[in-house]
Amino acid sequence: MSHESTRSIQLTIDGQTVEATAGELLIDVLYREGIKTPSLCYSPGLSSTASCRACLVEVEGSSVSLPACEVNVKDKMTIRAYSSKLEQEHRSVLSMLMENYIDDEFDVSHDDNTEFGYWLRRYQLTPLSKVNQKRPFKSDSDPHPAIRVNLNKCILCTRCIRACNEVQGRFVWGLAERSGKTQIAAGINESMLEAGCESCGACVAYCPTDALSDRNTPNSSDIDEKVMTTCAYCGVGCNLDLNIKDGQLQYVTSNPHAPVNGMHLCVKGRYGFDFVHHADRLTQPLVREWILEGAERAPDETRGKWVKVSWERALDIVAEKFSHIIDESGPDALALFSSAKCTNEENYLMQKFARQVIGTHNIDHCARLCHSSTVAGLAASFGSGAMSNTLADVAEQAQSILVIGSNTTEQHPVFGSMLRQAVYQRGAKLIVADPRKIDLTDFATLHLCHKPGTDIALVNGIMHLIIQNGWQDNDFINSRTEGYEELRESLDKYSPDYVSDITGVAVDAIVEAATVLGKNKPMAVIWAMGITQHWIGVQNVFSLANLQMLTGNMGIAGGGVNPLRGQNNVQGACDLGCLPNVFPGYQQVTSPAIVDKFADVWALNNNALHFSDTPGLTITEMVDNALTGSVRGFYILAENPVMSDPDVNHVRQALANAEFTVLQEIFSSETADYADVLLPAVTFAEKDGTFTNTERRIQLIHDAVKSPGQCRKDWDIIADLARRILSYRQQVPTGAYAGWDYQSASQIMDEIAALTPSYAGVSHARLFNGEQLHWPVKNKQHPGTPILHVDKFTIGKGMFHVAEHLPARELPDDNYPLCLTTGRVLYHWHGAEMTRRSEPLLALYPETLIEISIEDASRFGIETMQTIRVISRRGEMIARAEISDRVPEGLIFGNFHFPDSANVNNLTTSEVDPIAKIPEYKVCAVRVEADISEMMA
């Protein structure tokens, strides 16, 4: 960027001196200064077309008025944004734009909350009534379940076209016909979905007239308040506005000031929140009848009827049952699942509850199933297991990008669109390595379609060529790393031919990938669960850490290691100690000094606690131990292992065998069938707190919605239960932070800051004031750390680790000839308890589908959308077949969004990584059977 383009200047607007940056558009200066002028084709964040000519201003020295969206400001410039002449010109332009605008419901006295409507009312213009005239377009011309199209209201501003192109990167909308018949059109005489729409609603967000609008939104002007909060879905951490009326969430809109996403939202973020008021919400504590009757339940018996009880009765039962188990079998007979859906404050309390109140390190959460191998691998390589750079940094600065094992546009949609724009707008070179032809491959320089489970061989082959061609960064290697010689020797055998035999990727493609990644710096690596969910997941992560150290792409803008966290607060749940081996801030339970620290601050009865220095059980180990009886009880916070854990038949058996299970949830999930107490909690829209997104950015959520029935905030429930158990066991908190009398989430964050070095400078007050804090935040004045490892690694020097290709544990054979890989789809999220309760999302993806190749469909006699049975050594699922070129021959793909026989986790294996204990979701052997209706008949 040139010095001129960043130089501060002064100009005069309507007699007032205004600061600006040389060369910026005058329209942006007007927006920033709050000076309103009609602006219908222009919108911040989109390119300028100057087609509507509505934003006219007077510029000293010009004989004619000029569109502010075409004027680049200069020092000492004098502008008039308001004059009688301009008023007349604005009115004239608006009148012309109104000529083909049809809105019979327009009322000059009632604000419809559209930009065009505002300016018509501002200039007292009313569209001519055309009640008895034939409309050129249907008033609802597209069947999209979330978006209404009424082109009678279109003024051809083309914002929708630019939003789709420049924000989402889908190119759905365009102009059709000519002259007076020109109109907006999706695709080539197609519906929006047929034209490739991903239902993000960007076109709706930018439309100034409601020609494109939210189908399920009530009167958009009839709201009490807008509350900015953080999205409760994936780890991108988008901010959005909750539009509230009478304590109810009416709809969601974009907030242009959102730091991560601006105006951009995905389909779930914009249209996936009707679950908040769903009739299935739990509203009162429930306890099984057998418990209230004082009976005993044999492990093989069903749990019986639910009975509504008071909070006092429910929590007293839990306190008594947990205490009984502790007294008989010790604290390690209890196991706790915390939740990546809940706030940092709630996760902190959950692990404090486990360690201080119960006395166990048996605390884990869903990171075990998604990124535990990332945490372990990066911690061993660098000393920190988190994403090193920010999303914007990668999208705006990287010259080349390797996306491996991440279906980014579906699992992290807003960031996926940012990557599209990195390619589309500034020419970044994108390499996608994935067994499936995911949507991002359409934008890629190269798609490496490698076999599932061969990631290490592929990455090692790329590094082999980088070293062979001398593209490695020797200065970085020599000054900042250890173990290079061992790595270099291990890579000798990974020649292109050898790697091609293992991966199935052509030699030329491997060479091209190495050339792109080795010669275009900075280079960023992005991955998700396609890398981590393998029995060698930690080794996979080692290989990517090796690649980034080899090329010197650590600690620099546009580079780094960038694992994308799957859930909204999975990063925060890890940060705050909901793992069996660490206290908050990744302080090791094996460290005597750390154990003494927490034993002292959480002391009871004036005595330091006696924490074990042995890590507790992981989720997968908890389940196994429930089958043997060594784990007798569970406390599960907002998790649904019956949907999300591998080999769910095994999970069902384990939970059925458990003596006593407490589930704290917003809905009665599939796991509720195995629970004995159900505690009704609130959604993200009904509480205050913080989430930490995938880039380590800590952000507020806000209490905006009235909770139904007797629902309570999770932190309040946990604290109440802790007080009851301590009282029941005659224990009194005496340590500096041992108490449980919390009044707010902000107070809990203050305790976190006092005990967690990486959060030491975090407070709700700083976040409320708009500070953007990426941990580590070392003190109250520290600005945060957007990029990690700039000068040195957390452990000093980075450590290369030799990673060798090892085949998956279960590969296809004669009995199970296909390979199954699993993942998520755009329209659903995790176990889909929320998205299956959203009408638009369920309409867009109403049932589970199995992707199968054209070749395999022909081979097994399968037709499109035919119901098929998929069978593994552990179970079976039933679903419809989607015949697709997204999967190569020999591979099928399924998701875990739908329950019972439609869940792909009936099939997956419970083989785990020996270090991270993460299951191998991504590879197992299956067979398919066609035409099951006839077989069942």
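In the predicted model, a salt bridge joins the side chains of D714 and K687, with an N to O distance of 2.9 Å. D714 belongs to helix α28, whereas K687 sits in the loop between β27 (677–680) and β28 (689–692), so the salt bridge ties together parts of the chain that are 27 residues apart in sequence. Both D714 and K687 are buried.

A second salt bridge involving helix α28 is formed by the side chains of R724 and D720, at 2.8 Å from N to O. These two residues are four positions apart in helix α28, and R724 is therefore separated from D720 by about one helical turn. D720 has a relative accessibility of 9% and counts as buried, because the cut-off for a buried residue is under 20% relative accessible area. The pair is also part of a network, in which salt bridges with shared partners join D316, R712, D716, D720 and R724.

Helix α28, which spans residues 714–728, packs against helix α9, which spans residues 311–329. In general, the packing of two helices is described by the angle between their axes and by the distance between the axes. For α9 and α28, the angle is about 55° and the axes are 9 Å apart. The two helices are therefore oblique to each other, and α9 passes α28 in a right-handed crossing. On the α9 side, the contact is made by W311, E312, L315, D316, V318, A319, E320, F322 and S323. On the α28 side, the contributing residues are I717, D720, L721, R724, I725 and Y728. By residue class, this contact comprises nine nonpolar residues, one polar residue and five charged residues. D720 and R724 of α28 take part in the contact, as does D316 of α9; these three residues are also among the members of the salt-bridge network.

The structure holds 46 salt bridges. One of these pairs K245 with D224, the closest N and O atoms being 3.5 Å apart. This salt bridge links distant parts of the chain, since K245 lies in strand β11 (residues 239–245) and D224 in the loop between β9 (212–214) and β10 (225–230), 21 residues apart. K245 is partly exposed, with a relative accessibility of 23%. D224 is likewise partly exposed, its relative accessible area being 48%.

Two further residues were examined individually. N657 is located in helix α27, which covers residues 648–657. At a relative accessibility of 27%, N657 counts as partly exposed. When residues up to four places away in sequence are left out, N657 touches P299, A626, L627 and G629. N657 is 36 residues from E621 in sequence, and the C-alpha atoms of N657 and E621 are 15 Å apart in space.

R766 is located in helix α30, which covers residues 764–768. The relative accessibility of R766 is 8%, and R766 therefore counts as buried. With residues up to four places away in sequence again left out, R766 touches G761, E771, L773, V777, N779, K780, Q781, H782 and P783.

Definitions and conventions: Residues numbered from 1 in each chain as written. Predicted model: local features only at pLDDT ≥ 70, side-chain atom pairs only at ≥ 80, totals over all residues. Heavy atoms only, no water. Axes fitted to C-alpha atoms, helices over the stretch in contact; angles between N-to-C directions. Parallel < 35°, antiparallel > 145°, perpendicular 65-115°, else oblique. Left-handed = near helix turned anticlockwise from the far one by under 90°. Contact = heavy atoms within 4.5 Å. Nonpolar A, V, L, I, M, F, W, Y, C, P; charged D, E, K, R; others polar. Salt bridge = Lys/Arg side-chain N within 4 Å of Asp/Glu carboxyl O. Buried < 20%, exposed > 50% of the residue type's maximum accessible area, 1.4 Å probe, protein only.
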